[in-house]
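This report walks through selected charged and nonpolar side chains of one protein model, and it is best read with the sequence and the structure open side by side.

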Amino acid sequence: MKFPSKIDGWLIPVMLIGFAGILGALIAVMITPTPWPVRVLIAVVMVGVLFLLFSVLRGTYYVVEHEELRVVSGPFRWRIPLADITGVEATRNPLSSPALSMDRLKVSYGKRKFVLVSPEDKAGFIRALRQDGAANE
């Protein structure tokens, strides 16, 4: 079962400002008199950063399957066996994580490992984990 990430309202303007800033910097680099290899390198890096930001914004979701939880955030991926999950609890922990909202769940697994997620349907997400006996709340 697939669960898209909840997205906080403040995140969209912040990301748009970031996109605009990167595009502005890219334009500035292209119109300044610098050697073309430097321009190309900077352009490639900036386009890569734009792609990364956009892919994280558009591609953050969680999939609960028969034997594992898959966490996807743009090009980043985690696979957590459901049998290894030891607990799920609500949190507003601001640590960097594959979550686009501060309304998060801390999924603990293994020995002292955890991932912070922010499914739109938190109750459904927990139910899906429990169907396979993986989550303790």
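## Basis of the description

Helices (H or I, at least four residues) and strands (E, at least two) are DSSP runs, numbered from the N terminus. This is a predicted model, in which local features need pLDDT of at least 70 and side-chain atom pairs count only at pLDDT 80 or more, while totals for chains, interfaces and linings use all residues. Residues are numbered from 1 along each chain as its sequence is written, and side-chain values use heavy atoms, with hydrogens and water left out.

## Arginine 104, a buried charge

Arginine 104 belongs to strand β6, which covers residues 104-109. The residue is buried and yet has no salt bridge, where buried means under 20% relative accessible area, exposed over 50%, and partly exposed in between (1.4 Å probe, protein chains only). A salt bridge is a side-chain nitrogen of Lys or Arg within 4 Å of a carboxyl oxygen of Asp or Glu. With Lys and Arg counted as positive, Asp and Glu as negative, and His and the chain ends not counted, the nearest side chain of opposite charge to arginine 104 is that of aspartate 8, at 7.0 Å.

What does the side chain of arginine 104 reach at 2.8 Å? That partner is the backbone oxygen of leucine 95. Beyond its neighbours within four places in sequence, arginine 104 is in contact (heavy atoms within 4.5 Å) with residues including Glu89, Asn93, Leu95, Leu116, Ser118 and Lys122.

## Salt bridges around aspartate 103

Side chains of opposite charge can pair when their charged atoms come close. By the rule stated above, the count comes to four salt bridges. One of them joins lysine 6 and aspartate 103 at 2.9 Å, N to O. This pair links distant parts of the chain, since lysine 6 sits in the loop between β1 (2-4) and α1 whereas aspartate 103 sits in the loop between β5 (85-91) and β6, 97 residues apart.

Lysine 122 and aspartate 103 also meet in a salt bridge, at 2.7 Å, N to O. Because lysine 122 lies in helix α3 and aspartate 103 in the loop between β5 and β6, the pair ties together parts that are 19 residues apart in sequence. Lys6, Asp103 and Lys122 are thus linked in a network of salt bridges. Two members of this network are partly exposed, lysine 6 with a relative accessible area of 30% and aspartate 103 with one of 21%.

A further salt bridge is formed by the side chains of glutamate 65 and arginine 70 (3.4 Å, N to O), and here glutamate 65 is partly exposed, at 33% relative accessible area.

## Helix α1: two nonpolar residues

Helix α1 spans residues 11-31 and contains isoleucine 12, as well as leucine 26. Isoleucine 12 counts as partly exposed because its relative accessibility is 35%. Leucine 26, in turn, is buried, with a relative accessible area of 15%, and outside its neighbours within four places in sequence it is in contact with Ala43, Met46 and Val47. The C-alpha atoms of leucine 26 and arginine 39, which are 13 residues apart along the chain, are separated by 8.8 Å.

## Two exposed positions

Arginine 112 is placed in the loop between β6 and β7 (113-117), and its phi is positive, about 60 degrees, although the residue is not a glycine. Its relative accessible area is 84%, so arginine 112 is exposed.

Is glutamine 131, in helix α3 (residues 122-131), buried or exposed? Glutamine 131 is exposed, with a relative accessible area of 70%. Its C-alpha atom is separated by 9.9 Å from that of valine 64, although the two residues are 67 residues apart along the chain.

Methods: A polar contact is a pair of N or O atoms within 3.5 Å; within protein, one must be able to donate a hydrogen and the other to accept it, and residues adjacent in sequence count only if both atoms are side-chain atoms.
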